[in-house]
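The following paragraphs offer a guided reading of one protein model. Please keep the sequence and the coordinates at hand while following them.

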Amino acid sequence: MQLRHIANRGLEAPAANALHSSILKTPLVTRELPAPPVAAAPVAGPDPREILSSIGEVVYDWEIGTDRLTWGPNLGETLGPIASEALDTGLGYGERVARESGASRYDAIIQSGKTDTGEGVPYQVVYALAQPRELGQGPLVWVEDTGRWFAGPTGKPARAYGVVRVVTERHEMERKLALGAQIDPLTGVLNRAQLGEHIARFLQQAERSRKPFAVLLVALENLFALNRTYGYDAGDEVIASLARRLRENVRACDVVARHAGNKFALVLDNCDADETLFAAQRLLDLVKSAPFETSAGPIPASIRIGGVIGPREGRVPHVLLQRAEEALDVARQNNGKRFVAYTASLAREDARLRSLQVADSIVSALNERRVDLAFQPIVHAATGEVAFHEALLRIRLPDGTVASPAALLPVAEKAGLVRLLDQRVMELALERLAADPQLRVSVNCSVLTVLDPEWPERLKAAIAMNPSVSDRLIVEITETSLIEDFETTRNLIAVCKELNVKVAMDDFGAGHTSFRNLRDLDFDIVKIDGAFIQNITNSQDDRFFVRTLIDLARHLSLEVVAEWVEDESTARILRDWGVEYFQGALYGRAAEHPALDDKRTVAK
């Protein structure tokens, strides 16, 4: 065999890599290889054959045209029982390639589609070899096959030189690492990252077979209570035991994965709605039938399940998981159902239940006095000194966290609770005004409050308890109120004027107030909607519109507040246009305590 030719043709890297392997203490006995087809010039240093033999690698020379395969002298020591059968042809060697292999030497050379331009074409492939059947089913030997092939006169591969290195241990280690990346370490089932791939596979199968499948989300109930009562270690044991019980009670073709901390996903092959209901009920009974054995003793547990049928209810993995989650949310409600299947009407029902929950939260917050205020400063545009504050609603949940007003107010309006919230905000604002003579506050009033015929009298009664606060109170009314009922809004503004309370039009520019209507209403301030302010540095249209609003307000002798002022470039433009007040992140966010002494230097 032409070993020197191999080295000159680019096989230095495999040989060099081999020298970094564990070197055998006892050199292998070698025999002479067949004479090389072309004489090679002598090369100084040790014979590469001896080096490769000593470290357990074997070289080969494959004459592809005649299929003659010549091996180095240590073939038996390297491949073991696999070498007991004649491997002197490429066909004979190819028969030893196991089915578990993704490719073979033949694939890497003959089917590579590459072209030899005179220097040969390198290749490297990893595959498994199996021993002859007559020797029994022994372990597979995984090898890394590295070499270079050369074309004949027709341009097709004619000869290949290479080195076979046994990499069984490395392959097993890589396989375990790859498997570890797919498996949840606590439960031994697939992790969430693999779940989507498997659902995608089921979707592809369903397109071909026209058979449905089910995705179930199984949630362990009261994990927090389990951890608190028995300890986190016992809680983990319950989770692991639940995974094992689920895995033992589904088919081999089904998939079990950990979706989240206390939730598992099951993908059930060839499963319609009726079969899904049966499978879910069986799992509920299995979990309920016996407690889980843990180091803290037997612990009973229960589950709830949400299910969805694919591809009928979704043709991409994340949609199916989202809808299974929606079904699980409904199953977790205290309605007696432990399994809920997703339907098109379920989303509407879920939204209704969520609205009821939010409404209950608002009522509880009002009853338990968990409604608070946050104050955002509104500053003089010229100096940056605080002029007054806007009082903003904050609702604290029982755990101390603050709920988002954006999530609560739409529900409060639909449930008719917004007037109660407005009333509480006004009470708190008046209390703060009475306690702090330096404070000036603006308070938002919703459309329902403005149009409430009884609200002006309640405002009068509240102001009468402390008349000194009236000239430090500003009532903000949106343009929407004018559209809903112009006369009622005008009457409310008149009452405010009687009480010496200033009135501001909020979201100026967002509605459809005509010049005539604006002129006929006795506003003191207009607040330009921040949606038009935030992009005036980039949008010529927004600059034109905002400048028009400012000119209109100046013509009517109204002071202007610009909302959402978040950078100095925006502030400079508005200051040049004569805006009196700024409100936005640049000058302070909402806080529990108003910053009365907060002064900022503003460039003129």
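The model discussed here is predicted. A convenient entry point is the pairing of strand 1, residues 57-63, with strand 5: the two strands are antiparallel and are linked by seven bridges. Within this pairing, Val-59 has Val-163 of strand 5 as its bridge partner.

Strand 5 also pairs with strand 4, which spans residues 141-151; these two strands run antiparallel and are joined by nine bridges. Two residue pairs help to locate the register. Val-143 lies opposite Val-166 of strand 5, and Thr-146 has Val-163 of strand 5 as its bridge partner. Val-163 thus appears in both pairings, as the partner of Val-59 and as the partner of Thr-146. Strands 4 and 5 form a hairpin with five residues between the strands, and in this hairpin Gly-155 adopts a positive phi near 90°.

These pairings belong to a wider arrangement. The sheet is open and has five strands in the order 2-1-5-4-3, with antiparallel pairing. Its edges are occupied by strand 2 (68-71) and strand 3 (121-129); each has a single partner strand, so one side of each lacks a neighbour in the sheet. On average, neighbouring strands of this sheet are turned by 20° against each other when direction is ignored.

How many residues of strand 5 are buried? Strand 5 covers residues 157-166, and seven of its 10 residues are buried, so the strand is largely enclosed by the rest of the structure. Buried here refers to a relative accessible area under 20%.

A second feature to examine is a pair of helices. Two packed helices are described by the angle between their axes and the distance between the axes. For helix 15 (residues 418-435) and helix 17 (residues 455-464), the axes come within 11 Å and cross at roughly 20°. Angles under 35 degrees count as roughly parallel, and the two helices are therefore roughly parallel to each other. The crossing of helix 15 past helix 17 is right-handed. On the side of helix 15, the contact is made by Gln-423, Met-426 and Leu-430, while helix 17 contributes Trp-455, Arg-458, Leu-459, Ala-462 and Ile-463. By character, the residues of this contact comprise six nonpolar, one polar and one charged.

Definitions and conventions. Residues are numbered from 1 along each chain as its sequence is written. This is a predicted model: local features need pLDDT of at least 70, side-chain atom pairs count only at pLDDT 80 or more; totals for chains, interfaces and linings use all residues. Side-chain values use heavy atoms; hydrogens and water are left out. Buried means under 20% relative accessible area, exposed over 50%, partly exposed in between (1.4 Å probe, protein chains only). Helices (H or I, at least four residues) and strands (E, at least two) are DSSP runs, numbered from the N terminus. Two strands pair if DSSP finds at least two bridges between them. Axes are lines fitted to C-alpha atoms, for helices over the stretch in contact, and angles run from 0 to 180 degrees between N-to-C directions. Angles under 35 degrees count as roughly parallel, over 145 as roughly antiparallel, 65 to 115 as roughly perpendicular and the rest as oblique. A crossing is left-handed if the near helix is turned anticlockwise from the far one by less than a right angle, and right-handed if clockwise. Contact means heavy atoms within 4.5 Å. Ala, Val, Leu, Ile, Met, Phe, Trp, Tyr, Cys and Pro count as nonpolar, Asp, Glu, Lys and Arg as charged, and the others, Gly among them, as polar.
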